[in-house]
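Visitor: I would like a close look at one part of this chain, namely the helices that pack against each other and the loop that runs between them. Please take your time and connect that part to its surroundings.

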Amino acid sequence: MNTSKSVAVLVTAAALTASCGGQATPVGGVVAGATFTSTLTADPGVLDPATAILSVTNTVLSYAYDSLVAARPDGSLVPALAEKWDVQPDSVTFTLRKNVTCADGTPVTPSIVAANFNHIADPASKSPLRGVLIPADLTAKGDDAAGTVTLATPKPFSFILESAKDIYIVCGKGLKDRSLLARQTSGSGLFQLTEAVSGDHYTFALRQDYAWGPQGVTGKTPGVPAKVVLKVIPNEQTAVNLLASGGVNATVVTGSDRQRVEADPSITKLVVALGNGQFFYHQGDDRPAKDPAVRKALTQALNLQQLAGIASGGTGRKATSLVMEPRPCKGDSVTGHVPAHDPQAASAALEAAGWKPGPDGIRQKDGKRLTLRYLFVTTKGPTFMAAAEFMAAEWKKAGVEVKLNGVIDTKLAESLNATQDWDVVWLPIGVPLPSQLIGFLSGPAAPEGANFAHLDNPRYNELVAKAGSKPAPASCADWEAAESALFEAADLVPVVENTAVVAVKGATVQTVSYLLIPSSIRMTKAS
């Protein structure tokens, strides 16, 4: 899930390289009036920013909406809707730019901005962003006369400013009637959605009157595309074929086609962090992985180094955190905290937990087979399937039956939050702040909350509460220790930090991690 924006899930983007984002700049001057065409791996689903947890959804929304502040490739923040801000331990006050308008022409005021934050923080709205992208107890107050909006929490919060960059501001008709946001946009962004064909494409038109973009970008900035088309292309090979032929200007490459892209001198490449390859154990009351001894044994049964190579197609890096680069805390929370590969110890632990081999080799306890339903998405390339098959084979050696269930992104979200029909899920979660993981890793379990795996780790809960009351970087040691506590309990298992290639032709782009910055797009002449 790439909740980076946030939650949720993941993506990406090589002659030109960067560790956490950057700019892809081919030779040639910029051109006006052109169309920028990019790809999506799946349909984004409902377009309400208050419910958007998938990276594919937030990618679409980023073209039509603004946030208070914007992130640059190195992670630093620059003015967006807000021209300046004042940060206190428990609050941040933003002074908004003047003369900002929604796509329908109505003004964007402090009270409108505040209404967006308060809607997400209201439990009645059932926003999955509450407690994830913003603290559950955050309140927002707009002062239209002063031109300011203040976000506050009852006690100090480490990332109160940084959290603001992840909230897209709805304005106009969509704020009054959010049902309109299912297939429309209602924002103040550089582009306006003009056509939405589910499962096929999403078309945006440039707002010529836009005059408040990050770093001075306006609707009249040379090279900004007049139109943007996002095509739903689930097959990566098809997407790369379109890029090579000029059918699209940009795509994200994660699988075997990466080699073909890297060998093509006409394509500009940008290597970026894709988020961790990792898996979670479901700890519901009726699940075998509720037993910590079983979780540890299942983890010990896997050669995680070998799995890392398979899951990343050999292009991954060692995982050192749950948070994506560029991240505020730079320490290594992973090394030495994940149960090491030891098949004999795994077998002994399962025996001790009461799981004895049955006639067919599958372990049983109280007449119940040790069966794991393994959930993963099919839209991220063949490495996800290869990783699933490897894990199933290794667990079978340990006497575990594994049923593989590959689904598309939207079905994954449904299974996690509603049907709950899984025992193990391979789920990259891309977030830029450790605080944004709390709702996924603790608190109310799905479907009441975002804690889809039903985790309840007292040490993690204690440490994040301690960390949240201090500003970064003073809080970083606690944030990192909290992550380590999850790994030691085998609540989830980090396997590899994935990378990907953002491949571009006929344009220049910038990214923050794997997310393309719409205001950075410039259409170019052929080199």
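Guide: The structure, which is a predicted model, holds 24 salt bridges, and one of them is a good way into the part you ask about. R317 forms a salt bridge with E497, and their closest N and O atoms are 2.7 Å apart. The pair links distant parts of the chain, since R317 sits in the loop between α8 (304-312) and α9 whereas E497 belongs to strand β22 (residues 492-504), 180 residues apart.

The loop that carries R317 has another feature to note. A cis peptide bond joins E325 and P326, with omega at about 0°, and P326 lies in the loop between α8 and α9.

From this loop we can turn to the helices on either side, beginning with α9. The axes of helix α7 (residues 292-300) and helix α9 (residues 343-352) come within 8 Å and cross at roughly 155°. Angles over 145 degrees count as roughly antiparallel, and α7 and α9 are therefore roughly antiparallel to each other. In passing α9, helix α7 makes a left-handed crossing. On the side of α7 the contact is made by A293, V294, A297 and Q300, and on the side of α9 by P343, A345, A346, A349 and L350. Sorted by class, the contact of α7 with α9 has eight nonpolar residues, one polar residue and no charged residues.

On the other side of the loop, α8 has a partner of its own. The axes of α8 and helix α10 (residues 382-397) come within 7 Å and cross at roughly 150°, and α8 and α10 are therefore roughly antiparallel to each other. Here Q306, L307, I310, A311 and S312 of α8 meet T383, A386, A387, F390 and M391 of α10. The classes in the contact of α8 with α10 are seven nonpolar, three polar and no charged residues.

A sheet also belongs in this picture. An open sheet of three strands has the order β16-β17-β18, with antiparallel pairing, and its edge strands, β16 (356-357) and β18 (368-369), each pair on one side only. Strand β17 (residues 363-365) is joined to β18 by two bridges in the antiparallel sense, and K365 stands opposite K368 in β18.

For the wider surroundings, another sheet offers a helix packed on strands. This open sheet of four strands has the order β7-β8-β10-β9, again with antiparallel pairing. Its edge strands are β7 (82-88) and β9 (139-143), each of which pairs on one side only, and neighbouring strands of the sheet are turned by 15° against each other on average, direction ignored. Six bridges join β7 to the antiparallel strand β8 (residues 91-96), and the bridge partner of Q88 in β8 is S91. Helix α3 (residues 110-121) lies across β8, β9 and β10 (148-152), and runs at about 170° to β9.

Two further loops have backbone features that deserve a check in the view before you. A cis peptide bond joins A446 and P447, with omega at about 10°, and P447 is placed in the loop between α12 (438-441) and α13 (458-468). Q215, although it is not a glycine, has a positive phi of about 55°, and this residue is found in the loop between β12 (201-206) and β13 (227-232).

Key: Residues numbered from 1 in each chain as written. Predicted model: local features only at pLDDT ≥ 70, side-chain atom pairs only at ≥ 80, totals over all residues. Heavy atoms only, no water. Pairing = 2+ DSSP bridges. Axes fitted to C-alpha atoms, helices over the stretch in contact; angles between N-to-C directions. Contact = heavy atoms within 4.5 Å. Parallel < 35°, antiparallel > 145°, perpendicular 65-115°, else oblique. Left-handed = near helix turned anticlockwise from the far one by under 90°. Nonpolar A, V, L, I, M, F, W, Y, C, P; charged D, E, K, R; others polar. Salt bridge = Lys/Arg side-chain N within 4 Å of Asp/Glu carboxyl O.
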